[in-house]
Every structure is written in C-alpha cells, then in structure tokens.
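This report describes selected features of one protein model. Please have the sequence and the coordinates open while reading.

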Amino acid sequence: MHYSVQVCNKIYWIGVNDRRKRLFENIWPLERGVSYNSYLVVDEKTALIDTIDNVASGNYVERIEQLLNGRPLDYLIINHMEPDHSGEVKSIVDHFKGVKLVGNTKTFKIIEAYWGIAENLFEADDCSILDLGYHKLKFLMTPWVHWPETMMTYDITDQVLFSGDAFGAFGALEGGVFDDELDPVYFEDEARRYYSNIVGKYSNMVQKAFTKLEGIPVRTIAPTHGPVWRSNPSIIMDWYNRWSHFEAAKGAVIIYASMYGNTEDIADYLARKLCENGVRSIRIFDVSKTHISYLISEIWKFNGLVLGSCAYNSQMFPLMEQLTRELLHIGLKNKHLALFGSYSWNGGGVKNLAKFAEESGLSLAAEPVEIYGKPTPQKLLPFDTLAKSLAKSILE
Ligand code: FEO
C-alpha cells in the first residue's frame with residue numbers, strides 16, 4: 001500500500017487491502033478480498049488505533065513513521081485482539097519504544113498470552129478519557145462484537161466512532177475509502193455475508209452495543225473492515241440494526257442436497273409453486289456447489305427458508321448436515337421454515353431435517369414432504385399445499 005488517507009483533522013486511515021488470502025479465518029472465501037483498516041491520530045499526543053493482519057504488513061511501519069514525521073508514537077489503542085487487527089502489535093511495540101498499549105483487562109490477558117507483554121498498559125473502561133490534545137477519546141466496552149475483549153473508541157471532538165468489527169464488511173477497498181467515494185450498494189452483499197458469518201451469532205450483543213451508542217452523536221464510522229462511513233453512516237447502521245434483529249425481506253431461499261437430481265427436481269417444482277402463490281424473491285442453491293458463507297448470507301436476507309435433502313446412509317446429506325449444524329451454532333431466528341426430500345431405500349434425510357427444525361426452534365410453515373423414488377405429478381401434489389402455506393407465511 002502506498003498511500004494514507006486523511007479521515008478528518010489529524011486522523012488518517014492507514015489500512016491495507018488483502019487480495020491474496022483465500023480464506024478469512026481459514027474458512028470464509030474472500031473472492032473480493034478484504035481490507036484491514038488501521039487509523040493514526042497525529043495530535044499533541046499520537047495514537048494508533050488497531051493494527052492490521054501481519055500477512056499484509058508491507059510498508060505499514062514506514063507509513064506510520066512518515067505521518068509521525070520524527071515524533072514518537074504515544075499510544076496503541078487495541079479495540080480487538082483477533083489477529084487480523086492485532087497482527088502488527090508486537091512489531092509496533094518493538095519499533096516504537098515506550099508506546100503505551102490501551103485496552104481493557106480482557107485485552108491485556110490475551111496480549112500477555114500472545115506475546116508475554118504485561119507492562120506499559122493503559123486500562124480503559126467506559127468512563128476513561130484519553131486526551132490527545134485536539135482529540136479527546138472515550139471508550140465503549142462492547143464485549144462479543146466480536147470477541148470477549150472487544151471495545152470501541154469514540155472521538156468526542158470530531159464524533160468519529162472507531163467501531164472495530166462492528167459495521168465492517170468483506171471486500172477490498174478499490175480506490176474509494178469513504179462511502180461517498182464508492183457505491184455502498186456494491187458492499188451490501190459482502191457486508192451482510194461478513195455480518196451473518198462472523199458477527200451474526202452475537203446479534204444480541206450487537207443490539208447491546210446499539211443501546212450503548214444511544215445519545216452519542218456519530219458523524220463518521222471508521223470500522224476495521226470495509227468503507228469508512230463519513231457521509232451516510234446511517235446506511236451501515238441501519239443494515240446492522242436490521243440484521244441483528246433478524247429482520248428480512250419477504251422471499252424464499254431454497255437450498256437442496258441432491259445426488260442424482262430427484263431432490264433438485266422437487267426444489268424447482270416448489271419454487272414454481274411459491275411463485276404461483278405470489279412469492280417474487282426466490283433463490284435456489286445446491287448445497288454442494290455454493291460455499292456455506294453465501295448460503296448463510298442469503299438465509300439472512302429472506303424470511304422464508306426451505307431445506308431439502310436426499311437420504312444419505314440413512315441420514316441427511318453430509319453438506320446439508322454441516323449447514324444445519326452451522327445454523328444451530330449461529331442461533332438463527334425469525335424464519336418460516338419448510339422441509340422436503342426424497343429417498344430410494346428407507347429415508348433419513350427429512351427425518352433428520354425435522355430434528356434440526358425442532359432443535360432450532362424455528363417454526364415449520366407446513367408439514368415436511370418426502371418422496372419415495374422419482375418425483376411424478378402425482379407424488380408432487382403435496383408440494384402444492386406446502387407451497388401455499390409457506391407463501392402465506394412469507395407474505396403475511
Ligand atoms: Fe476482523 Fe474479529 O476480527
């Protein structure tokens with residue numbers, strides 16, 4: 001990276017884009033890359049807010065030195081210890097002698113566990129103020145958004161919220177750093193995929209963070225991933241607010257597991273019947289083809305969810321099992337659920353999908369339907385009823 005960008009008076013974005021890493025957290029595909037945003041405050045005192053992943057460090061330290069122009073770095077504020085942001089903490093401590101680390105008790109525990117650092121610490125809490133001169137920083141403890149030690153930093157002077165993972169998005173920054181320099185709509189899918197897969201499990205803690213932000217004027221949101229929101233921060237705040245409440249558009253996501261096409265045929269038939277019953281947003285996915293992170297993001301988008309599985313060794317299909325396990329782990333809520341499948345021996349797919357439904361607490365919009373052998377017009381008739389009930393639930 002060869003540039004830094006001024007965010008406001010005395011504050012600079014010094015993030016990096018990572019287009020090389022294939023899997024975020026070694027699990028989530030990064031087809032459009034990701035940015036690790038880091039910020040430098042060059043005031044009477046100087047402070048670095050979060051670092052970057054060390055796989056993308058490049059000339060990071062030199063860029064900081066250039067902006068400091070011979071001055072020392074006084075503080076390193078660590079809002080979040082996940083290594084995509086704390087990757088350069090050790091090199092900053094080694095390079096900028098005397099820099100004080102700002103975090104909370106939980107941050108310090110992880111810092112010691114990672115690098116054995118246990119001194120030159122400034123412990124922040126909800127009442128602390130760090131006076132840098134022009135900028136006065138306060139801290140908001142926001143645990144579990146997305147690790148237990150997570151906090152946010154708020155600049156009282158220019159009303160900038162350094163929000164960490166909250167309000168972040170997958171997707172590298174392609175020239176534009178600010179929301180008014182790029183097309184925010186381009187980021188919506190990747191923001192939702194980031195939210196639903198990384199932060200969604202902690203939606204109730206996101207809501208608690210929103211409560212904490214009530215009454216705090218925010219002019220700019222500076223997250224650790226994705227665009228810096230200086231013109232319309234309400235866009236990303238509205239998205240996160242909606243997603244953390246599991247609010248979804250009227251529509252259906254049909255995800256099927258099919259070895260030889262019978263369950264797939266049912267998915268197509270069901271989609272047609274949903275359409276005939278007035279549902280206009282319908283997406284169909286083959287669980288074997290689309291990465292689970294995209295499936296989860298689509299599930300988050302719509303209020304109807306249809307899961308179909310063939311039987312596989314008297315169980316559901318393994319990749320469908322993985323999806324349902326992940327949905328249980330996330331604690332998915334507020335979906336109208338329907339289940340279907342087919343079998344050639346003695347079943348097992350739909351039976352185990354029904355177990356998932358019970359465990360998840362999601363309400364079934366209709367009785368599950370399972371077909372023996374190949375679907376025929378006669379065998380498909382129960383899907384007319386299923387589609388009618390599901391469409392009614394989705395559209396009401
Ligand atoms: Fe972007 Fe939880 O780290």
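The sections below cover a sheet, the helices on it, aromatic contacts, charges over rings, and cysteines.

## Basis

The model is predicted.

## The sheet

An open sheet is built from 7 strands, and its pairing is mixed. The strand order is S1-S2-S7-S8-S9-S10-S11. Strand S1 (5–8) and strand S11 (121–123) are the edge strands, each paired on one side only. On average, and with direction ignored, neighbouring strands of this sheet are turned by 25° against each other.

At the S11 edge, the partner of S11 is strand S10 (residues 100–103), and the two pair in the parallel sense over 3 bridges. Within this pairing, Leu101 has Leu121 in S11 as its bridge partner.

## Helices on the sheet

Helix H4 (residues 105–115) packs on the sheet and touches S10 and S11. The direction of H4 makes about 125° with that of S10.

Helix H1 (residues 60–68) also packs on the sheet. The strands touched by H1 are strand S2 (11–13), strand S7 (39–42) and strand S8 (46–49). The direction of H1 makes about 20° with that of S7.

## Aromatic contacts

The model contains 20 aromatic pairs. One of them joins Tyr195 and Tyr240 in an edge-to-face arrangement, with 4.9 Å from centre to centre and 80° between the planes. This pair links distant parts of the chain: Tyr195 belongs to helix H5 (residues 184–199) and Tyr240 to helix H7 (residues 233–244), and the two residues are 45 residues apart. Tyr195 is buried, at a relative accessible area of 0%, and Tyr240 is buried as well, at 1%.

Both tyrosines belong to one aromatic cluster. The cluster is formed by Phe167, Tyr195, Phe210, Trp229, Trp239, Tyr240, Trp243, Phe246 and Trp300.

## Charges over rings

Two arginines are placed over aromatic rings. The charged end of Arg32 sits over the ring of Tyr186, 3.7 Å from the ring centre. Arg230 lies over the face of Phe178, and here the distance to the ring centre is 3.7 Å.

## Cysteines

How many disulfides does the model have? The count is 0. Of the cysteines, two can be described by their accessibility. Cys127 is exposed because its relative accessibility of 69% is over 50%. Cys275, at 25% relative accessibility, is partly exposed.

Technical notes
Residues numbered from 1 in each chain as written. Predicted model: local features only at pLDDT ≥ 70, side-chain atom pairs only at ≥ 80, totals over all residues. Heavy atoms only, no water. Pairing = 2+ DSSP bridges. Helix = DSSP H or I, 4+ residues; strand = E, 2+ residues; numbered from the N terminus. Axes fitted to C-alpha atoms, helices over the stretch in contact; angles between N-to-C directions. Contact = heavy atoms within 4.5 Å. Phe/Tyr/Trp six-rings, centres within 6.5 Å; stacked < 30°, edge-to-face > 60°. Buried < 20%, exposed > 50% of the residue type's maximum accessible area, 1.4 Å probe, protein only. Lys NZ or Arg CZ within 6 Å of the ring centre and 35° of its normal. Disulfide = S-S within 2.5 Å.
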